[in-house]
Protein chains: 2
Amino acid sequence: MKPYAELTKEELLALRNQLRAEYKRMQAKNLTLNMSRGNPCTEQLDLSMGMMDVMSSSSDMTCEDGTDCRNYGVLCGIPEAQELMGDMMEVPYDHLILYGNSSLNVMYDTISRSYSHGVMGNTPWCKLDKVKFLCVVPGYDRHFAITEYFGIENIPVPMLEDGPDMDLVEKLVAEDEAIKGIWCVPKYSNPSGNSYSDETVRRMARLKPAAKDFRLYWDNAYSIHHLYDHDQDNILEILAECKRAGNPDLAYKFASTSKISFPGSGVAALAASLNNLEDIKKQLKIQTIGHDKVNQLRHVRFFKDIHGMVEHMRKHANILRPKFELVENTLEEELGGLEIGTWTKPKGGYFICFWSIPGCAKKIVSYCAKAGVIMTPAGATYPGGKEPQDSTIRIAPSFPPIEDLGIAVKLFALCVKLVSVEHILEEMEKTEKA
Amino acid sequence: MKPYAELTKEELLALRNQLRAEYKRMQAKNLTLNMSRGNPCTEQLDLSMGMMDVMSSSSDMTCEDGTDCRNYGVLCGIPEAQELMGDMMEVPYDHLILYGNSSLNVMYDTISRSYSHGVMGNTPWCKLDKVKFLCVVPGYDRHFAITEYFGIENIPVPMLEDGPDMDLVEKLVAEDEAIKGIWCVPKYSNPSGNSYSDETVRRMARLKPAAKDFRLYWDNAYSIHHLYDHDQDNILEILAECKRAGNPDLAYKFASTSKISFPGSGVAALAASLNNLEDIKKQLKIQTIGHDKVNQLRHVRFFKDIHGMVEHMRKHANILRPKFELVENTLEEELGGLEIGTWTKPKGGYFICFWSIPGCAKKIVSYCAKAGVIMTPAGATYPGGKEPQDSTIRIAPSFPPIEDLGIAVKLFALCVKLVSVEHILEEMEKTEKA
């Protein structure tokens, strides 16, 4: 296929008519498909149904140290669950706190605590005139929403192939004391699917922030969420790296089993230095008597250990991999050589990132919607939902059944082509007029 | 028995020697018993083990409206669980939000949100010079700890037989705009066991606070936690009463199943006016995607409906009632007529409240500890752990096995007698010297 930019006006007009006719035929199918959020599909949820069998009315409900998991208490989680989550997060069991069902909630609470009480003795953010946060873009909309909700200024920092633009990050945090953190998804990043290189992680751990209470908000949401058995991304463990760099308290590391067992019914955790944990526990013991230990025990009895969890993740991969490959292959077949879009081919995580010709993303997503396919709103991967380039679209292949996904991606590719042709023609007309 | 106050010095000295000998004999038994916190006992926890059988790997995990409870979403709880909790809390299902495992956490979040973002458009508390809270005393230490943690000044208000001293409450809230709320346990109050009379509830609902963002923090922790089948306390429903009084937004009502199913693995809820709920949801949707719906569904499948829950509570009562009666009868046998203490005889809840001669509570608790029986620290039922009178002791009969409880209460009564005699003798000596 010839790149669209090389077509004549006549060729483009003919193509537009042909694509519009195709689009009308698709609209007539009355599709209702959703590729907007990274929800696991039913088949994936079924993988964890064994969790419902590991406990019965005759089960022993005590954990290793003899605690009855049904009663009150145990602020930071039962030991065997701390070990399982620690192995998953690559940190010692005593460097983490287990929480309820949502790591998002843990991140919210972390910002909220910093706002009301400050970080390790520093001024609470609510007493400061200005607080700023770095947001790696494209990134996770729910991260940005938390800091925005607390009136914090979100500053976008571009995600490059091997992680955030570290020259920019180093410069900004060194010169501005108001910058208190950076939202990071270091592995199979949401939405690019890229992972931070060793150099990026090392530079992160060696940041010299002007603010003493600056923290890396390290959301390792996809730490063991690989698509392939052998071709896997691996990143340096951030807490160890911070320690080596003489910055032991620099990072909060978040994770959960939401996309391992059940979203909404998993176990979340926060790992950090002992200094940070001590600071956090002062608040935690006021907030709660303890989180759901029965569910912690259920997870341990189902997965047994990290090996069980890794094997479980291979089953998830077997369901997700064909979906990712279908999307990538369809995009290649439909758009290859046209030079109207690029996309990532991640080795894990939940998203593929697509970049259209600048100025086309919103229109593509809206065309998809009008034909019954819901995508993540264009711009959602930027703070405030505003992307100056209007180019980034997040594709979430996990939820739809594979036959629906095939139709949805074809429609998406059709919308990309149609909107691109319309855009190129508009630009031509502007040039002609000028 | 003769009141201690009527004994001669010689009689008191003889009695002291006898009690000291008895205390030494008790110490020699090396007891290790705990009556400090309102934890359900193992037998009670066993009542809910059927919850572990209501779901298996072949279960349908969709709720009534077709939602797959294993996936993300549903911010405020699944409809059938909202109905069950609504019936328990005596509010319509759409006037509540279901949360995670802990109503304490919901209360913390409520204070935290008011602190950082304010209540329904009012100034966030963190922007005010001074915020105050009324604390009904004796009361629940964890309530007071939350407001204290946020730098809020806790103001004690005495609990009378039929609820807080309403003359004082009305006066304080009307004249001081800094007072933003009052901590209430309206039914089978912690620790007195008393319930608010209809008049108290009506006066609460009709408060005219100077602060527009004043709220009743109505922790109905023991709403269906009766000890007897027919002799039960009932209180007016506060949200309906506030509505009738033209104060629809005045109350936040909290509850959980912690002492119904499993502490730590139950379902918590907040009920309020639609205006309040709308305000709260603005924050909640930033904080989380949703709480544990599988556990919500588990509760519904186990209890079925409010009738099932009420029947379940009769089983709890059958275990708790003999323990409460044992404590009350032992106190009567050991202390009746001595005029060195009074105590409550609640019809529900988790606590009996004991009042010693002023100035003796700390010493009694410390004597108990030195003989191996841990009580709630004296003063804990007052803000900052400080009770000017040093008289109130909370007795929590639920956790120890009944045979241990018998020993523990006897020891407690012995310590009351010994400390009282020592106290009376000291006072005598002071008078003699003067």
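## Exercises on a predicted two-chain model

P40(B) counts as buried because 25 C-beta neighbours lie inside 10 Å. The model is predicted.

**Exercise 1.** Locate P40(B) in chain B and state which residues it contacts beyond its neighbours within four places in sequence.

*Solution.*
Step 1: find the element. P40(B) sits in a loop of chain B, between β1 (33-35) and α2 (42-46).
Step 2: check burial. The cut-off is 20 or more other C-beta atoms within 10 Å. P40(B) has 25 such neighbours, so P40(B) is buried.
Step 3: list the contacts. Outside the four-place window, P40(B) touches L45(B), K259(B), P263(B) and S398(B), and also N71(A).
Step 4: set a distance beside these contacts. E432(B) is 392 residues from P40(B) in sequence, and their C-alpha atoms are 49 Å apart.

**Exercise 2.** Which residues of α5(A) are buried, and what covers them?

*Solution.*
Step 1: take the helix. In α5 of chain A, residues 141-149, the buried residues are D141(A), H143(A), F144(A), I146(A) and T147(A).
Step 2: find the cover. From chain A it includes α4 (103-117), β3 (132-137), β4 (153-160), β6 (179-184) and β7 (215-219). From chain B it includes α9 (274-287).
Step 3: look past the helix. G151(A) follows α5(A) and has a positive phi, near 70°.

**Exercise 3.** What relation links chain A to chain B?

*Solution.*
Step 1: superpose. A turn of 180° with a shift of 0.0 Å along the axis lays chain A on chain B, at an RMSD of 0.0 Å.
Step 2: name the relation. This is a two-fold axis.
Step 3: compare the interfaces. 100% of the interface residues of chain A are also interface residues in chain B, so the copies meet through the same surface.

How values were computed. Residues numbered from 1 in each chain as written. Chains lettered and ligands numbered in written order. Predicted model: local features only at pLDDT ≥ 70, side-chain atom pairs only at ≥ 80, totals over all residues. Helix = DSSP H or I, 4+ residues; strand = E, 2+ residues; numbered from the N terminus. Buried ≥ 20, exposed ≤ 12 C-beta atoms within 10 Å, placed from the backbone. Contact = placed C-beta atoms within 7 Å. Least-squares fit on C-alpha atoms with pLDDT ≥ 70 in both.
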